[in-house]
Amino acid sequence: MPKTETAIDKYFGALTESYDAIIGAIKAGNERGFRVSNNLLAEAQRGQRESVALGKQFAADPTDIGAFYRTAMESTTKAQGRALELARQMFDELSESRSEARETIEKVVKAQRTAGEAAVEAVRDVASVTVERVRTGVGRVTGQAEEAPAKAENTAKKAAAAFAE
């Protein structure tokens, strides 16, 4: 027989969904930051190596200004290309971040709505059980109160009969 989901199960399930959405967004942001940092470091390393190569070329033949100038221009062009690529990646990552943030907010809002509905349902369940128990208790007390005069009369008759004998 399948187990029915209670309001408490729904409530904690919704909280879990909400926390999972937030943690997922944090993980995605962490991965995005790692990708950006990794690319930034790789490009910095490439730039550093090109600068060293340019310095070596100049040190090897300081009189060949034409070759040095061409190499310097190529290095500058490559650096500009790398800078543009990093900027493009940053814009892509920001766009992805915005989409993920919107999805996360939607998930959290949906989960919180579900949690709120489950909490209301749980309160209704508790209230209906409490009302039923109060009615049962009141019914017992009322029944006993109605029977008490009859029992007292019977007891009085028995006592009078026993006294009369």
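Glu106 is partly exposed in this predicted model, because its relative accessible area of 48% falls between the 20% limit for buried residues and the 50% limit for exposed ones. Glu106 belongs to helix α2, which covers residues 65–164. Although Glu106 and Ala21 are 85 residues apart along the chain, their C-alpha atoms are separated by 9.3 Å. Ala21 is one of the buried residues of helix α1.

Helix α1 comprises 54 residues, from 7 to 60. At 1.5 Å a residue it should span 80 Å, and the 79 Å between its end C-alpha atoms agrees with this. The buried residues of α1 include Ala7, Ala14, Leu15, Ser18, Ala21 and Ala28, together with the charged residues Arg32, Glu43 and Glu50. An α-helix has 3.6 residues a turn, so residues three or four places apart point the same way.

The protein chain as a whole contains two helices and zero strands. Its C-alpha atoms fill a box of roughly 145 × 30 × 25 Å along the principal axes. The radius of gyration is 41 Å, whereas a compact globule of 165 residues would have one near 15 Å. Of the contacts with a separation of 6 or more, 85% join residues 24 or more positions apart.

Surface and burial values for the protein chain are as follows.

| Property | Value |
|---|---|
| Residues counted as buried | 16% of 165 residues |
| Exposed area | about 12,800 Å² |
| Share of exposed area from carbon and sulfur atoms | 62% |

The chain carries 24 positive and 25 negative charges, and the mean positions of the two sets are 1 Å apart.

How values were computed. Residues are numbered from 1 along each chain as its sequence is written. This is a predicted model: local features need pLDDT of at least 70, side-chain atom pairs count only at pLDDT 80 or more; totals for chains, interfaces and linings use all residues. Side-chain values use heavy atoms; hydrogens and water are left out. Helices (H or I, at least four residues) and strands (E, at least two) are DSSP runs, numbered from the N terminus. The radius of gyration is taken over C-alpha atoms; the globule rule is 2.2 Å times the number of residues to the power 0.38. Buried means under 20% relative accessible area, exposed over 50%, partly exposed in between (1.4 Å probe, protein chains only). Contact means heavy atoms within 4.5 Å. Accessible areas come from the Shrake-Rupley method with a 1.4 Å probe; for residues, only the protein chains shown count as cover. The place of a charge is taken as NZ of Lys, CZ of Arg, CG of Asp or CD of Glu. The expected span of a helix is 1.5 Å times one less than its number of residues.
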